[in-house]
Amino acid sequence: MTARAKTPLSLLVGLSTTLREPVLEAMTDATTVVVSVDQDELPGRGVLGWRVSDSSGPIDAGEFTVGDNCGACQLIESLMPLLETLVDRGHWDHLVLATPPAMEARPLVSTLVSVLPEIVVDTVTCVVDAVLLIEQLSGDELLAERGLALGLPDRRNVAELTARQIEYADVCVLANAHRTTKLERLEHLLVHLNPRTSVVTAAATGVPTGAVARTARFDFDAAEAWAGELAPSDRVQPSDDGVTTVLWRSTRPLHPARLNDALEDIVDGVVRSRGVVWLANRPTQRVRWESAGYSASLGTLGEWSDSNHLAECTVVATGMGLDPARLQAVLDACLLTESELATLDWSNLDDPFAGVF
């Protein structure tokens, strides 16, 4: 008895459900079953609506209840049995999952890979608005302020979500491409944020001009490596059309107070940065560095002794019209000086991040 072939799944993410509709249509055919999840009723009723359809029309619909905990976690947990049931029915040879606007692909895909071996993730497609992309990547507006948060604990901002959706995508669709005069610059920006991605423009009708599903481009290890805490330095793209990515490194630790005072200067002109840094007053901790738009965040990643690296600082930052020399100078000024390295009692330095992470 031969084993049944795995069912390929194409995943569709992006903030605008309106711009996603023509892309979703392009992802489907007569052998495809589509699961669409919306969050229209989440703010008022605390539920996520889902619909299942194929070429014959609607098949089923329902709701997932979201409590006060992680909405994304509850969505993933609720989706798995539904997807498994559809695959077991054996009526279709391709599955498309259109997520709520505020959903990131990475946690969903990680769960699919680990718990549903009968499904193989084929393509992750992200739709972005060419008119609003720079604005979405550059601000500090919270998803909650737009009514898009996935539950009460969701404190992500629009820039963070947009960057993470792009960073995990095999295909990025530039919708509203006909309404911008800076198309090439936007394409360069997307490739700087994710060199793995293939950029496809959409026609004025919204229909993508290239393949957006069944591409067999998804590579879990490569996606995880790029979307992890630090973008691989060997994939940093050269500057082009005003888009610049800077790689900054140091074997000296950062002075916590000077770093805190410099946060606004560091993120000025930077749309996205990620890295691992070493704070002088926390000598054993690997500290995650992440910024999107005007917001920066730090968190723990374990101990340096648990990694393959000696304590160091490494940050990769991408910006529009970014001055690499200025950014490097700002970061260098946050490091302990040679004199401080020799004379300071690092453990007694004030910690402005106490209680934050």
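Is aspartate 38 buried or exposed? In this predicted model, aspartate 38 is buried, because its relative accessible area is 19% and the cut-off for buried is under 20%.

**Salt bridges**

Aspartate 38 makes a good way into the charged pairs of this structure, which holds 20 salt bridges. The side chain of aspartate 38 meets that of arginine 51 in one of them, with 3.0 Å from N to O. This pair links distant parts of the chain, with aspartate 38 in strand β2 (residues 32–38) and arginine 51 in strand β3 (residues 47–54), 13 residues apart. Unlike its buried partner, arginine 51 counts as partly exposed, at 42% relative accessibility.

Here are three of the salt bridges, with their N to O distances.

| Acidic residue | Basic residue | Distance |
|---|---|---|
| Aspartate 38 | Arginine 51 | 3.0 Å |
| Aspartate 154 | Arginine 156 | 2.7 Å |
| Glutamate 340 | Arginine 258 | 2.7 Å |

Glutamate 340 and arginine 258 also link distant parts of the chain: glutamate 340 sits in helix α11 (residues 338–343) and arginine 258 in helix α9 (residues 256–267), 82 residues apart. Glutamate 340 is buried, since its relative accessible area is 17% and buried means under 20%. Arginine 258, at 26% relative accessibility, counts as partly exposed.

What about the remaining pair in the table? Aspartate 154 and arginine 156 are both buried. They also belong to a wider network, in which salt bridges that share partners join Glu104, Asp154, Arg156, Glu160, Arg164, Glu167, Arg272, Arg274, Arg288 and Glu290.

**Helix α6**

Two members of that network, Glu160 and Glu167, are among the buried residues of helix α6. This helix spans residues 158–167 and is mostly covered, with 9 of its 10 residues buried. Other buried residues here include Val158, Ala159, Leu161 and Ile166. At the start of α6, asparagine 157 offers a side-chain oxygen that comes within 3.2 Å of the backbone nitrogen of alanine 159.

**A look at the cavities**

How many cavities of 30 Å³ or more does the structure hold? There are 2, and the second largest contains about 40 Å³ of space. Its lining is made up of Thr7, Val33, Leu86, Val87, Trp92, His94 and Leu95. Two elements, α3 (71–89) and β5 (94–98), each give two or more residues to this lining. By character, the lining of the second largest cavity has 5 nonpolar and 2 polar residues, and no charged ones.

Notes. Residues numbered from 1 in each chain as written. Predicted model: local features only at pLDDT ≥ 70, side-chain atom pairs only at ≥ 80, totals over all residues. Heavy atoms only, no water. 1 Å grid on protein atoms, 1.4 Å probe; cavity = no way out; pocket = protein on both sides within 12 Å on 5 of 7 lines; lining within 4 Å. Points joined across faces, edges and corners; volume = space filled by probe spheres on them. Helix = DSSP H or I, 4+ residues; strand = E, 2+ residues; numbered from the N terminus. Nonpolar A, V, L, I, M, F, W, Y, C, P; charged D, E, K, R; others polar. Buried < 20%, exposed > 50% of the residue type's maximum accessible area, 1.4 Å probe, protein only. Polar contact = N/O pair within 3.5 Å; in protein donor to acceptor, adjacent residues only side chain to side chain. Salt bridge = Lys/Arg side-chain N within 4 Å of Asp/Glu carboxyl O.
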